[in-house]
Amino acid sequence: MTKRLLLLLVLLIGWTAPARADDISASARGVVRVVTIAVVGDEVVGFGHGSGFAVAPNRIVTNAHVVDLAARYPDNVIIGVVPSEGDKSYKGRLIAIDTDRDLALIEFSGVRLPTLTLYNGPVEEGEAMIALGYPGNVDLATARSAMDYITPQAPVRSQGNFAGRRSLQGTSVLLHTASIARGNSGGPLLDRCGRVLGVNSALTLAEEGDSTFGFAISGAELSAFLAAAQQEYSANGVACTTIEESMAADRNATAREQAEAAAREREAAARAEATRREAIAKARLRNEAARENFMAGAAVLLVLGALALGGAGMLLSRGSQREAIWIASGGGVLMIGAAALFLSRPGFDEDSIVPVPSSSEATSSLPATGKMVCRFVADRSRVTVSEIGDVPLEIDRDGCVNGRTQYAEAGEEWERILVPSEEQTVSVLDYDPSTRTYTNTRYLLTQSQMERARQLRAEVQLKQCSTDQAARADLATRQQTIRTALPQEYNEKLVYRCEPVADATPAE
């Protein structure tokens, strides 16, 4: 008993370091058992099983040798697809097979499975790899009846390392040390983020003392097979990071942005002060010139007024009284005008000076609403299953996105939680107007978690864009309830930086 406990502890310790259980568990929900049942008349004459995984909600990949009998005897061999979740299995139909690559594509109906993403980036020597599937030796030890083979259950996982690339009968394969057995055939070989690196197909025969290695058909061969079968699939080549690495990078990026924003504010304040001082100096010069003009004008009027009064005196001494009165009156007016002009000379108040911003300053503050294109920010994101591309976004001041989806206030940000009816993914969408940052945080959930999220989504009353603040407040409350039902850690976080554009098209 002590040895068993020690072995279990060693296995648990070994599992905690390289792989994220949430990512592998999320991929495991798209892994299936593939069962073949040979029937002659009403009698079962043969039974076999392997593994497979979803590349579309209703299509799975497996090895050709797993369904070889179904290809040769389609009228006598039934293909069963047994998901890892739920309570029933489904009948499949072989739609493509490549015996050279040892790959096959099976279609089924009745349930939609979470799809796995292919990883098409570089693989380093010694990199951790995880195999998922249904090894027959485990079934032999645990199965109580044939029903256990068609009853949904989670796949078995094992971990190893990349041991190199080889060619197996002309097909490119990955050599690895993850433990696999008969029954793992057709199951995925994953990286730490749960993305498909290859399809497990064979293993070495181990003599006494020899190490055992697994062979997985490479992702390049799988991609070529799917392309030939005209089957669309998801793929990305973004390097895998752990949740901890992603959160640390996000914190560092946030701190860096805050420091840069503070520096920009200081620079802007310094530029504004310099601009203001320059405006004050220019205004002071204009004021002094205007005062001098006013005083010069007043002096001229004063001189003219004095001359007029002098002339009136001369006319009065000569007996021209009437003319003297008119000229004296004009002189008085000029004297009064001189006094008025002097007293009305402009004063100077530097506090009233408001500098006009330059064209570069006026355009430096871009709008936070309207049509935008949001571009992916790699150093703040964690990518596992999504393909990366620009996201067109149009948001108005009331949080209406793309003219149809209402976001709710979340502090200074806008937030919407999407709970789809068929996919097993909940997305928390967030837009921060202050930084024009758009974030899609995705949670890959179990069937039971999705059912709970859908129950909470059904209570959301606001179905379209609205300017009613009370309705948006109710939406925010409902969304907070959904958020509390989500796991503490996300599977994927996609961060985008948005810039206004004139011709952005709203995304679907």
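**Exercise 1. Strand pairing**

In which sense do β3 and β6 pair, and over how many bridges?

Solution. The structure is a predicted model.
- Step 1. Take β3 and β6: the two strands pair in the antiparallel sense, over 4 bridges.
- Step 2. Look for a residue pair across them: Val61 stands opposite Leu105 in β6.
- Step 3. Turn to β2, which runs antiparallel to strand β3 (residues 59–62) and is joined to β3 by 3 bridges.
- Step 4. Find a residue pair here as well: Ala56 stands opposite Arg59 in β3.
- Step 5. Follow the chain from β2 to β3: a hairpin joins these strands through 2 residues.

**Exercise 2. Confidence and overall make-up**

State how far the predictor trusts the model, and where the pLDDT falls below 50.

Solution.
- Step 1. Start with the average: the pLDDT of the protein averages 85, and 90% of the residues score at least 70.
- Step 2. Locate the weak stretches. Over residues 1–21 the pLDDT is below 50, and this stretch has 18 contacts in the model beyond near neighbours in sequence. Residues 359–364 also have a pLDDT below 50, with 2 contacts beyond near neighbours in sequence.
- Step 3. List the secondary structure: the protein has 10 helices and 23 strands.
- Step 4. Add the burial: of the 508 residues in the protein, 41% are buried.
- Step 5. Add the surface: the accessible area comes to about 27300 Å², and 54% of this belongs to carbon and sulfur atoms.
- Step 6. Check the range of the contacts: among those between residues at least 6 apart in sequence, 69% join residues at least 24 apart.

**Exercise 3. The nonpolar cores**

Identify the largest nonpolar core and the elements that build it.

Solution.
- Step 1. Recall the background: in soluble globular proteins, nonpolar side chains tend to be buried together.
- Step 2. Count the residues: the largest nonpolar core has 22, and those with the most contacts inside it are Phe53, Val61, Leu222 and Leu226.
- Step 3. Assign elements. Those giving two or more residues to this core are the helices α2 (21–28) and α5 (219–228), together with the strands β2 (43–56), β6 (103–108), β8 (128–133) and β12 (196–203).
- Step 4. Rank them: α5 gives the most to this core, with 3 residues.
- Step 5. Look beyond this core: a second, separate core has 17 residues, including Val32, Ala38, Val66 and Tyr90.

**Exercise 4. Aromatic pairs**

How many aromatic pairs does the structure hold? Classify each pair by its geometry.

Solution.
- Step 1. The structure holds 2 aromatic pairs.
- Step 2. Classify the pair of Phe376 and Tyr496. The ring centres are 5.9 Å apart and the planes stand at 65 degrees, so the pair is edge-to-face. The cut-off needed here is an angle over 60 degrees.
- Step 3. Place this pair in the chain: Phe376 is in strand β15 (residues 370–376) and Tyr496 in strand β23 (residues 492–500), 120 residues apart.
- Step 4. Compare burial: Phe376 is partly exposed, with a relative accessible area of 23%, whereas Tyr496 is buried, with 5%.
- Step 5. Classify the pair of Tyr438 and Tyr496. The centres are 6.1 Å apart and the planes at 45 degrees, so the pair is tilted.
- Step 6. Place this pair: Tyr438 is in strand β22 (residues 437–444) and Tyr496 in strand β23, 58 residues apart. Both Tyr438 and Tyr496 are buried.
- Step 7. Join the results: Phe376, Tyr438 and Tyr496 form one aromatic cluster.

Notes:
Residues are numbered from 1 along each chain as its sequence is written. This is a predicted model: local features need pLDDT of at least 70, side-chain atom pairs count only at pLDDT 80 or more; totals for chains, interfaces and linings use all residues. Side-chain values use heavy atoms; hydrogens and water are left out. pLDDT is the predictor's confidence in each residue, from 0 to 100. Contact means heavy atoms within 4.5 Å. Buried means under 20% relative accessible area, exposed over 50%, partly exposed in between (1.4 Å probe, protein chains only). Accessible areas come from the Shrake-Rupley method with a 1.4 Å probe; for residues, only the protein chains shown count as cover. A nonpolar core is a set of buried Ala, Val, Leu, Ile, Met, Phe, Trp, Tyr and Cys residues joined through side-chain atoms within 4.5 Å. Rings of Phe, Tyr and Trp (its six-membered ring) pair if their centres lie within 6.5 Å; planes under 30 degrees apart count as stacked, over 60 as edge-to-face and the rest as tilted. Two strands pair if DSSP finds at least two bridges between them.
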